[in-house]
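This report goes through the side-chain contacts and the pocket of one structure in turn. The sequence and the coordinates are shown first.

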Amino acid sequence: MSDCIFCKIIEGEIPSTTIYENESVKVFKDIKPVAPVHLIIVPKMHIDDTEDINDDNKAAVAECLNAVKVAAKLAGVEKSGYRVISNCGKDGGQTVNHLHFHLIGGVKMREGLI
């Protein structure tokens, strides 16, 4: 999608600090981190949000979830713990209309904080 910032990052049109990449997924550092470890995990296939997951793209979404484990290990938080978040829609806090997951760690998360 030509106006999607994450599609532009995937295509290399916008620079990013890539942590992990395979044929289906790209993982890169968030440019406005909220914790010592804040990674963005995106399917290379453009999917707007979780409402658009279907039989044709569910494998790409599964690859994202597999990449969470790899990214957590590469970031050194696989044992200490981390949080995975995906916002859906404007009221859900989604600011980029490309399905993505935030992996946040490197600090103890407060209980009850979503």
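Both Phe-6 and Phe-28 are buried, and in this predicted model the count of aromatic pairs comes to one. The ring centres of Phe-6 and Phe-28 are 5.6 Å apart and their planes stand at 70°, so the pair is classed as edge-to-face, given that planes over 60 degrees apart fall into that class. Because Phe-6 lies in helix α1 whereas Phe-28 lies in strand β2, the pair ties together parts of the chain that are 22 residues apart in sequence.

**Salt bridges**

How many salt bridges does the model hold? The count comes to three, and the table lists each with its N to O distance.

| Residue pair | N to O distance |
|---|---|
| Lys-26 and Glu-21 | 3.5 Å |
| Glu-21 and Lys-44 | 2.8 Å |
| Asp-55 and Lys-58 | 3.3 Å |

Glu-21 appears in a salt bridge with Lys-44, where the closest N and O atoms are 2.8 Å apart. This pair links distant parts of the chain, since Glu-21 belongs to strand β1 (residues 18–21) while Lys-44 sits in the loop between β3 and α2 (58–75), 23 residues apart. Glu-21 also meets Lys-26 in a salt bridge, at 3.5 Å from N to O, and Glu-21, Lys-26 and Lys-44 are thus linked in a network of salt bridges.

The residues of this network can also be described by their accessibility. Lys-26 counts as buried, at 7% relative accessibility, whereas Glu-21 is partly exposed, with a relative accessible area of 39%, and Lys-44 is likewise partly exposed, with a value of 26%. The surroundings of Glu-21 include a further contact in space, for the C-alpha atoms of Glu-21 and Ala-67 are 8.5 Å apart although the two residues are separated by 46 residues in sequence.

The salt bridge between the side chains of Asp-55 and Lys-58 has an N to O distance of 3.3 Å. Here Asp-55 is exposed, with a relative accessible area of 64%, while Lys-58 counts as partly exposed, at 48%.

**Cysteines**

Why does the count of disulfides come to zero? A disulfide is a covalent bond between the sulfur atoms of two cysteines, and the rule applied here requires the two sulfur atoms to lie within 2.5 Å. For Cys-4, the closest cysteine sulfur is that of Cys-7, and because the distance is 3.7 Å, the two are too far apart for a bond. For Cys-64, the closest cysteine sulfur is again in Cys-7, but at 12 Å that sulfur is also too far for a bond. The count of disulfides therefore comes to zero. Cys-4 counts as buried, at 6% relative accessibility, and Cys-64 is buried too, with a relative accessible area of 0%.

**A contact of strand β3**

Leu-39 lies in strand β3 and is buried, with a relative accessible area of 4%. The C-alpha atom of Leu-39 is separated by 6.6 Å from that of Val-27, and these two residues are twelve residues apart along the chain.

**The largest pocket**

Which elements contribute to the lining of the largest pocket? The largest pocket holds about 510 Å³ of space, and among the 24 residues that line it, those closest to its centre are Asp-30, His-38, Ile-40, Thr-95 and His-102. At least two residues of the lining are supplied by each of α1 (5–10), β2 (25–29), β3 (37–43) and β5 (101–105). Of the elements, α1 gives the most to the lining, with three residues. When the lining residues are sorted by class, twelve are nonpolar, nine are polar and three are charged.

Helix α1 and strand β2 thus come up twice in this account, as contributors to the lining of the largest pocket and as the elements that hold Phe-6 and Phe-28, respectively.

Technical notes. Residues are numbered from 1 along each chain as its sequence is written. This is a predicted model: local features need pLDDT of at least 70, side-chain atom pairs count only at pLDDT 80 or more; totals for chains, interfaces and linings use all residues. Side-chain values use heavy atoms; hydrogens and water are left out. On a 1 Å grid over the protein atoms alone, a cavity is a set of points where a 1.4 Å probe fits but cannot get out, and a pocket is an open set with protein on both sides within 12 Å along at least five of seven lines; lining residues have an atom within 4 Å of a point. Grid points are joined across faces, edges and corners, and a volume is the space filled by probe spheres set on the points. Helices (H or I, at least four residues) and strands (E, at least two) are DSSP runs, numbered from the N terminus. Ala, Val, Leu, Ile, Met, Phe, Trp, Tyr, Cys and Pro count as nonpolar, Asp, Glu, Lys and Arg as charged, and the others, Gly among them, as polar. Buried means under 20% relative accessible area, exposed over 50%, partly exposed in between (1.4 Å probe, protein chains only). A salt bridge is a side-chain nitrogen of Lys or Arg within 4 Å of a carboxyl oxygen of Asp or Glu. Rings of Phe, Tyr and Trp (its six-membered ring) pair if their centres lie within 6.5 Å; planes under 30 degrees apart count as stacked, over 60 as edge-to-face and the rest as tilted.
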